Each structure stands twice: as C-alpha cells, then as structure tokens.
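Me: I am new to this structure and would like a close look at one residue and at what surrounds it in the account of the fold. Please take your time and connect the steps.

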Amino acid sequence: MSIDNKVTARDTTMTFTCFVFFDMFNALSSRSEFKSVFQFGLLTNRAFVVAVGGSLIGQMLVIYFPPLQKIFITEPLSIGDLLFLMTLSSSVLVCDELLKFYRRRYTLAGRQLSTPIHCPTSL
C-alpha cells in the first residue's frame with residue numbers, strides 16, 4: 001500500500017501473484033503426505049504439470065497482457081518482484097518438506113507421532 005493508504009495496481013498484482021504462487025507450491029507439496037516431492041520427481045504426473053503450467057501461464061497473462069491488466073487491475077512486475085514472490089511463496093514447500101522428513105524419520109524408526117504436526121499453508 002502506498003504512503004497515502006491507496007491500493008495501487010502494483011499492490012493488487014503482488015498480492016494476486018503471491019496467492020497464485022503459494023497455491024502452486026502448496027499443490028506441489030500436497031502430492032504426497034509422506035514422500036518428498038524430490039523422491040518422485042517434479043514431472044512424473046503429466047496432468048499435474050499441465051494444470052500448474054496452465055495456471056502459471058494464466059497468471060503471466062493477467063500480469064503482462066494489457067486487456068487482462070485492465071480487467072484485473074494489474075501491472076507488469078519486474079524479474080526481481082517475481083523472484084521475491086517465488087522465494088516467499090516457496091516457504092510452504094520448504095515447511096512441508098521438513099515436516100515430511102520429520103514424519104518419515106520417526107515413523108521409520110518405529111516411533112509413531114502422538115499428535116499430528118501441521119504446517120500453516122497460508123498467512
């Protein structure tokens with residue numbers, strides 16, 4: 001939000017894009033409850049890859065295609081903005097991977113977790 005407390009097109013774009021990126025990373029991490037995404041690979045489910053790719057292409061169109069910019073009140077983001085949002089939103093994947101590692105470690109050691117551990121997937 002700007003200094004004068006008005007929501008700008010950049011604010012809208014950053015927020016909307018952050019939500020989309022969080023959702024894509026959450027979808028990636030949710031493919032398995034215990035297996036790491038790196039154990040079964042990023043490209044093993046073709047339908048999933050197409051769905052995520054389509055979502056990301058749609059988001060880029062909303063950000064960079066002028067007719068959609070007018071409809072969604074967005075503006076182009078810099079590479080730096082996109083990298084910042086990717087880093088921020090990938091935290092859901094990192095958190096979930098750490099929880100999966102912890103669950104595998106204690107389940108494989110013959111110890112069951114007494115209470116489930118949940119990682120917040122949204123702010």
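Is D81 buried or exposed, and what is its relative accessible area?

Reply: D81 is buried, with a relative accessible area of 14%, a value that falls under the 20% taken as the limit for a buried residue. Before going further, please keep in mind that this is a predicted model, so that its confidence deserves a word as well. The protein chain averages a pLDDT of 86, and 85% of the residues score at least 70. Within the protein chain, confidence is highest in helix 5, residues 79–89, at a mean of 97, and lowest in helix 2, residues 37–40, at 83.

The partner of D81 comes next. The side chain of D81 meets that of R10 in a salt bridge, with 2.7 Å from N to O. Because D81 lies in helix 5 and R10 in helix 1, this pair ties together parts of the chain that are 71 residues apart in sequence. The two ends of the bridge differ in their surroundings: D81 is buried, whereas R10, at 36% relative accessibility, counts as partly exposed.

This bridge is one of three salt bridges that the structure holds, and the others can be followed in helix 6, which spans residues 91–108. There the side chains of K100 and D96 meet with 3.7 Å from N to O, and since these two residues are four places apart in the helix, they are separated by about one helical turn. K100 also forms a salt bridge with E97, at 3.8 Å from N to O, and E97 and K100 lie three residues apart in helix 6, which again is about one turn of the helix. D96, E97 and K100 are thus linked in a network of salt bridges. As for exposure, both K100 and D96 are buried, with K100 at 1% relative accessibility, and E97 is buried too, with a relative accessible area of 13%.

From this network a path leads to the nonpolar core by way of V37, a residue of helix 2. Leaving aside residues up to four places away in sequence, V37 touches L28, L42, L93 and E97, and E97 is a member of the salt-bridge network just described. V37 and D96 are 59 residues apart in sequence, yet 9.9 Å apart in space from C-alpha to C-alpha. V37 itself counts as buried, at 0% relative accessibility.

V37 is also one of the residues that touch the most other members of the largest nonpolar core, which has 18 residues; the others named with V37 are F21, L28, L77, L85 and L93. Helix 1, helix 2, helix 3 (46–64), helix 5 and helix 6 each supply at least two residues of this core, and its largest share, eight residues, comes from helix 1. Helix 5, where D81 lies, and helix 1, where R10 lies, are therefore both joined by the salt bridge and both represented in the core.

Helix 1 also takes part in a contact between rings. By the rule used for rings, the count comes to one aromatic pair. The partners are F16 and F72, which are stacked, with 6.0 Å from centre to centre and 15° between the planes. Because F16 lies in helix 1 (residues 9–29) and F72 in helix 4 (residues 66–72), the pair ties together parts that are 56 residues apart in sequence. F16 is partly exposed, with a relative accessible area of 31%, and F72, at 38% relative accessibility, counts as partly exposed as well. A further contact with a ring involves a charge: the charged end of R31 sits over the ring of F48, 5.1 Å from the centre of that ring.

One last place lies on the way back towards D81, in the loop between helix 4 and helix 5, where I73 is found. Most residues other than glycine have a negative phi. I73, however, has a positive phi of about 55° although it is not a glycine. I73 is exposed, with a relative accessible area of 53%, in contrast to D81, which is buried at 14%.

How values were computed. Residues numbered from 1 in each chain as written. Predicted model: local features only at pLDDT ≥ 70, side-chain atom pairs only at ≥ 80, totals over all residues. Heavy atoms only, no water. Phe/Tyr/Trp six-rings, centres within 6.5 Å; stacked < 30°, edge-to-face > 60°. Buried < 20%, exposed > 50% of the residue type's maximum accessible area, 1.4 Å probe, protein only. Lys NZ or Arg CZ within 6 Å of the ring centre and 35° of its normal. pLDDT = per-residue confidence, 0-100. Salt bridge = Lys/Arg side-chain N within 4 Å of Asp/Glu carboxyl O. Core = buried A, V, L, I, M, F, W, Y, C linked by side-chain atoms within 4.5 Å. Contact = heavy atoms within 4.5 Å.
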